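Student: I've just opened this one and could use a walk-through. Could we take it one question at a time?

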Amino acid sequence: MDILQIVIVIAVLGLLVKPLGTYVYHVFSNESNWTDRIFSRVERIIYALIGLKKREGMTWKTYALSVIAANVVLVAIGYVLLRIQGGLLLNPSGNANMESTLSFNTIISFMTNTNLQHYSGESGVTYLTQMAVITMMMFTSAATGFSVAVAFVRGITSKGRTIGNFFEDFVKGHVRIFLPISFLMTLVLVALQVPQTLDPTLVVTTLQGVTQHIPMGPVASLETIKHIGTNGGGFFGVNSAHPFENPSGITNVLEILMMWALPASLPYMFGRFARNRKQGWVIFSAMMALFLVFVSLTYFSEKAGSPAMNAIGIDVSQGSMEGKEVRFGIAQSALFTAVTTAATTGSVNNMHDTLTPLGGIAPLAQMMLNCVFGGKGVGLMNMLMYAMLGVFLCGLMVGRTPEFLGRKIEPREMKLIAIAILAHPLIILAPTAIAFMTELGKGSISNPNFHGITQVLYEYTSSAANNGSGFEGLADNTPFWNITTGLVMFFGRYISMIAMLAVAGSLVRKTHVPETIGTFRTDNALFTGILVGTVLLIGALTFLPVIALGPVAEYLTLR
Amino acid sequence: MKQVSEMGSGNVNGSRGGAAWSGSVWAVAARAGIVFIILCGLVYPLVSTGAAQLLFPHQANGSLLENQEGQVVGSELIGQQFTDPAYFQGRISSIDYKAEGSGTNNYGPSNADLLARVHASIEEWKKANPDVSVDRVPIALLTNSGSGLDPHITPESAVVQIPRISKLTGVSADQLTKLVDQYTEGRDLGVFGDPRVNVLKLNLALKEYVK
């Protein structure tokens, strides 16, 4: 039954990819379709409100500047709101203003689609900031990532000088994708018992006569965009493990599909843009192949449990249940863990800190690779980056100029790709090393020995991949962690985004190389294999040593 | 891929060769910021709240449970602390089911504190349940849930508590088994999630039974 429920969810995802990918393609290709009538009126009002008179295409530099400008404005307003939230409206529980380094961390975290949370939702923010800062940024950061990915795809599949208009993409992402889907799914989640209210914390006397404070709030509306936008920041401290955020097996499946369906359908959208659907399926297959390896690793090692616990003499047939919820069991917990770190959402329905050593490698590795489906748009961009790298490596081996989608991949593109690929491990490994060298870093570790190494490594990997889940035992709400992870999230988001836009800006101007019999094909099974191999090769070369120090060492020493 | 299309962004078509967008990026960004804070940060959650309250008031307000006298005793989704051995007990909670927070100690599998805690629970179990051997106790009952608020236990975790509760309440084991069966919820749609028993609901029913 365990494996069956995992297979069913994957099958449903497979059914969603084509219709959803087609829809997203229609939205961003500006081909007219049936949804225009519904949405274009709303969009015209928004274009007028924001003063977007003409919607001409932008060069990559203008596009990148627009991304930065829009994000800077939201960061500034959001930061101020967090700092003065205590005195504003909609604060029935009387929560205080947020401290400055924590506000810095929080605002970067949400703007970069990371949603690493060093505050606890029950007491750290108010209803107003839950909505106007946290929920708002879940939309805008997702739409930002989506827009950049679409612009990148345009760059590598079309010809001209421009890669689209950022503000137009940004508005369309909201109006045609994120807002309507979120609203509908909010009502579905409420029907399935996720609260949605503005009432303050409820005080009840329990059956045994103890007073219990039950915090509630507008949970469902945050829960939907948290997943649809692959954000991951929870309303409550324990995120989707909290029974109000995720009350049953069926809400768990819905949340998995909400975070997974859009990233999984982007390769198909890419295939439509490239006028070569097989090319889209090649990318999708590479992602799915990697995913299946990691979800199996987590499931089987959680099911087998920890040898230390298994030796105690209780009935351990269920698997490793520490940090997991009964309603999800091992199957739904393992699947959620694999999907949330593949799609870089970062919501959790079980505590990743309590995972068995091998079960914990899967989430860590998927964030290190950062291209197994990946977050809003970013995963597709990273996978295409690996595709170009794969083409380049093959080109070197046979001594030909590498081509991808009919364009030559030349030194300028390879340099930009190298920057993006090298930035990721650098901003993970360097701060991890710094944290171990300082008392400020080491002092926060809560689990002894090798597991402590994994705690620190996981925190920075999650920040760099803009995932946001954590090995939550780490006492990370200190200025040291707030500032270092804030910077890592910032660089993790914008370095690769700008490098990729530059690649797009450069490819969009290239002349098309006609296809000949000697052209290296990138839309067949062989290339899928090369792509998976490239991803694993680069990932293993970079990260295996540190994985050996953390989870592998813990696995080998756990008795 | 015979020919690279010039499609890709409708508005780009017109501008090819012509001037690219040259508006003021910062002015549009500032206005867009305000529009989207209002739209996504206020309109969306408030309209959602209104619709949810109208359509599903019970669920939207936390699925509260009442006892026979009509008093609210909690939410069916939020677990409660049961220390009285005459009640079915829930899972370990490092926060004692205090719902103003949520979480666990986040013990890694190699943490000695985790094993010490489980050993202590086993000793307690032996004292309170001399009739049920430790190897029958399911792991779920002696481990901390992720939220610390898990409202459920596995059906087996309820079954192993029956001898103790029968002895303390005088309700026969057969009747208690029936009660547990009645409150066992299957997998959602027959496949998703694990079978479970809601501890608060079960204890509410048990309380009526004992009366």
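**A tour by questions**

Tutor: Let's start with how chain B is laid out: chain B splits into domain 1 (10-57) and domain 2 (63-210). Keep in mind that this is a predicted model.

Student: How many Å apart are the C-alpha centres of domain 1 and domain 2 of chain B?

Tutor: Domain 1 of chain B covers 10-57, and domain 2 of chain B covers 63-210. Take the C-alpha centre of each domain, and the separation comes out at 47 Å.

Student: And where chain B meets chain A, about how much area do they bury between them?

Tutor: The size of an interface is often given as the accessible area lost when the parts come together. Here 118 residues of chain B and 138 residues of chain A take part in the contact. Carbon and sulfur atoms carry 66% of the buried area, and the total for chain B and chain A is about 10000 Å².

Student: Which element gives the most to the side of chain B that touches chain A?

Tutor: Polar contacts link 37 residue pairs across this interface. Elements giving two or more residues to chain B's side include α1 (10-15), α2 (25-55), α4 (112-128) and α8 (199-210) of chain B. With 26 residues, the one that gives the most is α2(B).

Student: What residue of chain B meets Glu322(A) in a salt bridge?

Tutor: Side chains of opposite charge can pair when their charged atoms come close. Between chain B and chain A the count is 2 salt bridges. In the salt bridge of Glu322(A), N and O are 2.7 Å apart, and the partner is Arg117(B).

Student: Which residues of chain B does Leu187(A) contact, leaving aside its neighbours within four places in sequence?

Tutor: Leu187(A) sits in helix α7 (residues 166-191) of chain A. Its relative accessibility is 16%, so Leu187(A) counts as buried. Once those sequence neighbours are set aside, Leu187(A) is in contact with Ala51(B), Ala52(B), Leu55(B) and Phe56(B).

Student: Staying with chain A, is Arg176(A) buried or exposed?

Tutor: Arg176(A) forms a salt bridge with Asp36(A), with the closest N and O atoms 2.8 Å apart. Arg176(A) is in helix α7 and Asp36(A) in helix α2 (residues 35-50) of chain A, so this pair ties together parts 140 residues apart in sequence. For Asp36(A) the relative accessible area is 23%, which makes it partly exposed. Arg176(A) has 4% relative accessibility, under the 20% cut-off, so Arg176(A) is buried.

Student: How far apart in sequence are the parts that Glu43(A) and Arg176(A) tie together?

Tutor: Glu43(A) also forms a salt bridge with Arg176(A), the closest N and O atoms being 2.6 Å apart. Both Glu43(A) and Arg176(A) are buried. Since Glu43(A) lies in helix α2 of chain A and Arg176(A) in helix α7 of chain A, the parts tied together are 133 residues apart.

Student: Last one: what is phi of Asn239(A), in degrees?

Tutor: Most residues other than glycine have a negative phi, and most peptide bonds are trans. Asn239(A) is in the loop between α8 (219-228) and α9 (249-273) of chain A, and at 4% relative accessibility it counts as buried. Asn239(A) is not a glycine, yet its phi is positive, at about 65 degrees.

Terms used:
Residues are numbered from 1 along each chain as its sequence is written. Chains are lettered from A and ligands numbered from 1 in the order in which they are written. This is a predicted model: local features need pLDDT of at least 70, side-chain atom pairs count only at pLDDT 80 or more; totals for chains, interfaces and linings use all residues. Side-chain values use heavy atoms; hydrogens and water are left out. Contact means heavy atoms within 4.5 Å. Buried area is the accessible area (1.4 Å probe) that two parts lose on being put together, summed over both. A salt bridge is a side-chain nitrogen of Lys or Arg within 4 Å of a carboxyl oxygen of Asp or Glu. A polar contact is a pair of N or O atoms within 3.5 Å; within protein, one must be able to donate a hydrogen and the other to accept it, and residues adjacent in sequence count only if both atoms are side-chain atoms. Helices (H or I, at least four residues) and strands (E, at least two) are DSSP runs, numbered from the N terminus. Domain bounds come from an automatic or database domain assignment. Buried means under 20% relative accessible area, exposed over 50%, partly exposed in between (1.4 Å probe, protein chains only).
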